[in-house]
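Hi everyone, thanks for making time. I'd like to walk you through a structure that is probably new to most of you. Let me put it on the screen.

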Amino acid sequence: MQSRLRVQGHPIQPMLVTFPFGLFVCAAVFDLADVAGGPAFLGEVGYWTAVAALVAAGLTTVAGMVDLWDVRAGRTSRTVLMFNLVNAVMAALFLLSCLIRASAPQRGATGVLLAAELVALAVGAVGVALGARLMQQFDRVTEPSGFETFGDVPAGSTVEIARPRPY
């Protein structure tokens, strides 16, 4: 599978996925500290961290849809669809948590909302596994970098051109 959105031959979406997932983990940690009896502002920080994660998830979804456009039917297509669906479920659970907390004056987490966030993170862990499988299916094309871009590529270099593998 070859992605349209690439940097140095590597697809962008798997790089972007780390931002919302990391922010969701941080939001859950802040909410855990809030529910465990920490200062009240930790719940507010957890809420705004989840909101930032939802924005990042939206941008990641756009990059995923661009990649999805070019995927041929088959095993890779099913994996990409499942990867995007799992990430959407994780984001939807956090969105539900944020919508419930938006009307609260303190925006702190409750035990039930924290449990929903932990379930969302478990779903996200499945997405991480699917993303790792997708990365193995991407063609690896190494582009010249550094001083190699200024002249001819010396013999014996690590630059290679790979033909696309059939699906």
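One term before we begin: the helices I mention are DSSP runs of H or I with at least four residues, and they are numbered from the N terminus. With that in hand, I can tell you that Asn84 lies in helix H3, and we'll come back to this residue later. Please also keep in mind that what you see is a predicted model.

Let's start with the overall layout. The protein chain has 4 helices and 2 strands. Following the sequence, you meet them in the pattern β-β-α-α-α-α. There are 167 residues in the protein chain, and 33% of them are buried. If we take the contacts with a separation of 6 or more, 74% come from residues 24 or more positions apart. As for the outside, the protein chain has an accessible surface of about 9900 Å², and carbon and sulfur atoms account for 69% of that.

Now let's go inside. In soluble globular proteins, nonpolar side chains tend to be buried together. Here, which members of the largest nonpolar core touch the most other members? They are Phe24, Leu54 and Phe94, in a core of 14 residues. Two or more residues come from each of helix H1 (13-35), helix H2 (41-69), helix H3 (75-102) and helix H4 (111-137). H2 is the one that gives the most to this core, with 5 residues. There is also a second, separate core of 6 residues, and Val17, Val80, Leu130 and Leu134 are among them.

Let me zoom in on Phe94. Setting aside neighbours within four places in sequence, Phe94 is in contact with Phe24, Ala27, Ala50, Leu54, Glu117, Ala120 and Leu121. Two of those names, Phe24 and Glu117, will return in a moment.

Next, the aromatic rings. How many aromatic pairs does a search of the whole structure find? It finds 2 aromatic pairs. One of them is Phe24 with Phe94, a stacked pair at 4.2 Å centre to centre, with 20° between the planes. Because Phe24 lies in helix H1 and Phe94 in helix H3, this pair ties together parts that are 70 residues apart in sequence. Phe24 and Phe94 are both buried. Tyr47 and Trp48 form an aromatic pair too, this time edge-to-face, with 4.9 Å from centre to centre and 80° between the planes. Are these two rings buried or exposed? Tyr47 counts as buried, because its relative accessibility is 8%. Trp48, on the other hand, is partly exposed, with a relative accessible area of 44%.

Let's turn to charges. The structure holds 2 salt bridges. Asp31 pairs with Arg101 in a salt bridge whose closest N and O atoms are 2.7 Å apart. Asp31 sits in helix H1 and Arg101 in helix H3, so this pair ties together parts that are 70 residues apart in sequence. Both Asp31 and Arg101 are buried. Arg101 also forms a salt bridge with Glu117, and there the closest N and O atoms are 3.2 Å apart. Since Arg101 lies in helix H3 and Glu117 in helix H4, that pair ties together parts that are 16 residues apart in sequence. Arg101 has a relative accessible area of 1%, so it is buried, and Glu117 counts as buried because its relative accessibility is 1%. Through shared partners, the salt bridges join Asp31, Arg101 and Glu117 into one network.

As promised, back to Asn84. Is this residue buried or exposed? Asn84 counts as buried, because its relative accessibility is 13%, and the cut-off for buried is under 20%. Not counting residues up to four places away in sequence, Asn84 touches Gln13, Gly64, Met65 and Leu68.

Finally, a look at the outside. Phe19 lies in helix H1. Phe19 counts as exposed, because its relative accessibility is 53%. Phe19 and Ala53 are 34 residues apart in sequence, while their C-alpha atoms are 7.1 Å apart in space. Elsewhere, Met82, Leu85 and Val89 make a nonpolar surface patch of about 260 Å². Leu85 is found in helix H3.

If you take one picture home, let it be Phe94: a residue of the largest nonpolar core, stacked with Phe24 and in contact with Glu117, which belongs to the network with Asp31 and Arg101. Thanks for listening!

Note on methods: Residues numbered from 1 in each chain as written. Heavy atoms only, no water. Core = buried A, V, L, I, M, F, W, Y, C linked by side-chain atoms within 4.5 Å. Buried < 20%, exposed > 50% of the residue type's maximum accessible area, 1.4 Å probe, protein only. Contact = heavy atoms within 4.5 Å. Phe/Tyr/Trp six-rings, centres within 6.5 Å; stacked < 30°, edge-to-face > 60°. Salt bridge = Lys/Arg side-chain N within 4 Å of Asp/Glu carboxyl O. Patch = residues over 30% accessible without salt bridge, like charges linked within 9 Å, V, L, I, M, F, W, Y side chains within 5 Å. Areas by Shrake-Rupley, 256 points an atom, 1.4 Å probe, with all protein chains shown as cover.
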